[in-house]
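Trainee: I am new to this model and would be grateful for a close look at one part of it. Would you please take me through that part step by step, and then show me what else deserves attention?

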Amino acid sequence: MNDLYEDPELERQLEGAFRSTRPRRGFEDQLWSSLQGRRPLVQRVRTWLGGLPWIPALATVSALAVVLVGLVFMLRSGGGHGAGSATSRSQETGSQAQAGAGGAQTVTAPDLSRADLGPKAFGAIPRVPTTVTTSYTGGLELSLSAPLPTLPASLPVYRYTEPTSAEIGAFAGARGAGQQAPASQSETANATRFAGPGTDITVVGSDATNLVGPTYIINTTRIPPSAPAAAPLTDSQATRNAAAYLSQLNLPVPADPAVRSGGSEGAQVLYPIRVNGTPGPVPEIDAQGRPVYTQVSMRGDGQVFQVSGPLPVAVHGSAYITSSTAALRQVPNTAAGGPRVRADLTSARLVYVAVAANGGGYLEPALLLTGSLQAEGRTYEIAVIVPVLDSAMSR
Amino acid sequence: LLGGSKPPFEELYREFLQRIYAYVRAQLGNQAEAEDVTSMVFIKAYEAYARYEPRAGTPGAWLFQIARNACLDHHRRAGRRERLVRTLGGQPEAQADPGAMAEERLQYRELMELVSRLPDRQREIIALRHLGLGFQEVAGVVGGSEDAVKMAYHRALRALRSALEASEAEAGEPR
């Protein structure tokens, strides 16, 4: 062996870099709960009840009944939004928002309502940060060729407050997970976990960095063991299963579901979250420009094991003045060193983003600009989020 | 969790979740995709654990092998790579990540970006080596001889050092 370059300092930095690369808070327990949901039921029951041979079948029936009762409770009290594993936001878009209007879901958990919030709570909203998302890491010269949507003179902004510990506990308790469970090392004070018979709930507070509001994840930890599927799960079957699951529990079935993956590995049915903008519903996105979803996850045999998404919180809206088109076209370039690569933004649409601040947050309108760039012999996608409210309205 | 013993799966899970995530993240770059793939890794491992034979290798090497295959599958399916978020405007005030964690992330961000630009094989070897595997185990995961893996590792180190120096020189120039 020769040419064995030694660089202890660099190796120390690499150790630190990999050691500090961690999943988001709450992920460890969410995944573990999902794994427990996949555990053969007989094995679980034997663990719990000492392996008595006649117990498992009885426990199966009881466990499923508890799950169903708990989830029906959730339904009737207005819970039940999920989102992608890294995203969230309330589906309620105003104190008078209408369920199902324009495809938007509107569910309000009474235990989380905020009657004392109103327009007077506004006046100091934070500004949506301008973000650029792309896998290209060099400098960029952004060029906007997309026609901008015609914006009204004002758009609604919705305020919410971060739920208290008692409210989160009530939310979990009403859904069958009344006992607070130990937090894992990966969790922070921003995440709270509850456990109950057949149900495990984690609530994570707003994430200002990722433009995500309060999120919850409900795992059903008692479901039948995996059965060999006669045929791979199709997208249409997954959609039907998700809709049936939501309907069975009296949860609203949002419009425009999309299916991710599918087949023998299972599927996730994604329902995009929409916010009541002007003149109609507007999709909500996160800091990377990805849509925020209600998400129903199921195994390859179609058995649903997780519903996740934005925590239902009451919001109250107020109109804010929008920027001029000329101001919106002032898209900043990125500051990375080296030569700048021109990126053409060819599409623009109105979206909403959750901006956490001041013990709560705001659903604030923004423009999502998308396009592509050519560099290093490859094509990169690019997404840029720019605020649309007049900067004088934010501080 | 040395070879020859078979710990409870939860012990394996708690021990390796962060490392598997860090490996997957280094291969994919994107947080959400890394979480999806990490989930798939542990689901597959969980379902296969009853059949796992410790004598065939350490649990860590076994998990990283599953993770590597999952990343390759993901690349084949998705055909796309890392997405990074760069914030140009003011961040929302207050509730950002805890200070220490944020500082640490900032400190290592540039280095991880350079790692992400390494050739696939070098990137895998650097990640596996710095996530606790010995050279022999790394060779078992990525294929090839132990000597060849060592050579690739040291070449990757040299390439990273050169890239770091170039980046620092560039940062010192006026823009």
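Mentor: Let us begin where strand 16 of chain A meets strand 17 of chain A, residues 378-387: the two pair in the antiparallel sense, over 10 bridges. One of these pairings places A:Ala375 of strand 16 opposite A:Arg378, its bridge partner in strand 17. The two strands form a hairpin with 2 residues between them, and A:Glu376 there takes a positive phi near 55°. Please keep in mind throughout that this is a predicted model.

Strand 16 itself spans residues 360-375 of chain A and is mostly covered, with 13 of its 16 residues buried. Strand 17 is not its sole neighbour to consider, for strand 15 of chain A, residues 340-357, is joined to strand 16 by 14 bridges, again in an antiparallel arrangement. Within that pairing, A:Ser347 has A:Thr370 of strand 16 as its bridge partner. Strands 15 and 16 also make a hairpin with 2 residues between them, and A:Asn358 in the turn has a positive phi of about 55°. A further pairing involves strand 3 of chain A, residues 154-161, which runs antiparallel to strand 16 and is linked to it by 4 bridges. There, A:Tyr158 stands opposite A:Leu363 of strand 16.

Elsewhere in chain A, 8 strands form an open sheet in the order 4-5-6-7-13-12-9-8, with antiparallel pairing. Strand 4 (179-180) and strand 8 (258-261) stand at its edges, each with a single partner strand, so one side of each has no neighbour in the sheet. Inside that order, strand 7 and strand 13 (residues 304-310) run antiparallel and are joined by 5 bridges. A:Ile217 has A:Ser308 of strand 13 as its bridge partner.

The loop between strand 6 (199-204) and strand 7 (215-220) of chain A holds A:Asp207. Is A:Asp207 buried or exposed? Its relative accessibility is 14%, and because the limit for a buried residue is under 20%, A:Asp207 counts as buried. Leaving aside residues up to four places away in sequence, A:Asp207 touches A:Arg25 and A:Val212.

We may now turn to the nonpolar interior. The largest nonpolar core has 62 residues, and those touching the most other members are A:Phe18, B:Phe9, B:Phe42 and B:Ile126. Helix 1 of chain B contributes the largest share of this core, 12 residues. A second core, separate from it, has 57 residues, among them A:Leu246, A:Tyr352, A:Ala356 and A:Leu369.

Helix 1 of chain B is mostly covered, since 15 of its 20 residues are buried. This helix, residues 9-28, has a kink of about 50° centred on B:Phe16. B:Phe9 is buried, with a relative accessible area of 9%. Beyond residues up to four places away in sequence, B:Phe9 touches A:Trp32 and A:Leu35 in chain A, and B:Phe42, B:Ala45, B:Tyr46 and B:Tyr49 in chain B.

Several of these contacts introduce the aromatic residues. When rings are paired by centres lying within 6.5 Å, there are 14 aromatic pairs over all chains. In one of them, the ring centres of B:Phe9 and B:Tyr46 are 5.0 Å apart and the planes stand at 70°, so the pair is edge-to-face. B:Phe9 belongs to helix 1 and B:Tyr46 to helix 2 (residues 31-48) of chain B, so this pair ties together parts 37 residues apart in sequence. B:Tyr46 also counts as buried, at 16% relative accessibility.

Another pair, B:Tyr49 and B:Trp62, is tilted, with 5.8 Å from centre to centre and 40° between the planes. B:Tyr49 lies in the loop between helix 2 and helix 3 (59-78) of chain B and B:Trp62 in helix 3, so parts 13 residues apart in sequence are tied together. B:Tyr49 and B:Trp62 are buried. Ring pairs link A:Trp32 of chain A with B:Phe9, B:Tyr13, B:Phe42, B:Tyr46, B:Tyr49, B:Tyr52 and B:Trp62 of chain B in a cluster.

A last detail concerns a charge and a ring: B:Arg129 lies over the face of B:Phe135, at 4.2 Å from the ring centre.

How values were computed
Residues numbered from 1 in each chain as written. Chains lettered and ligands numbered in written order. Predicted model: local features only at pLDDT ≥ 70, side-chain atom pairs only at ≥ 80, totals over all residues. Heavy atoms only, no water. Buried < 20%, exposed > 50% of the residue type's maximum accessible area, 1.4 Å probe, protein only. Contact = heavy atoms within 4.5 Å. Bend = angle between axes of the 7 residues up to and from the residue. Pairing = 2+ DSSP bridges. Core = buried A, V, L, I, M, F, W, Y, C linked by side-chain atoms within 4.5 Å. Phe/Tyr/Trp six-rings, centres within 6.5 Å; stacked < 30°, edge-to-face > 60°. Lys NZ or Arg CZ within 6 Å of the ring centre and 35° of its normal.
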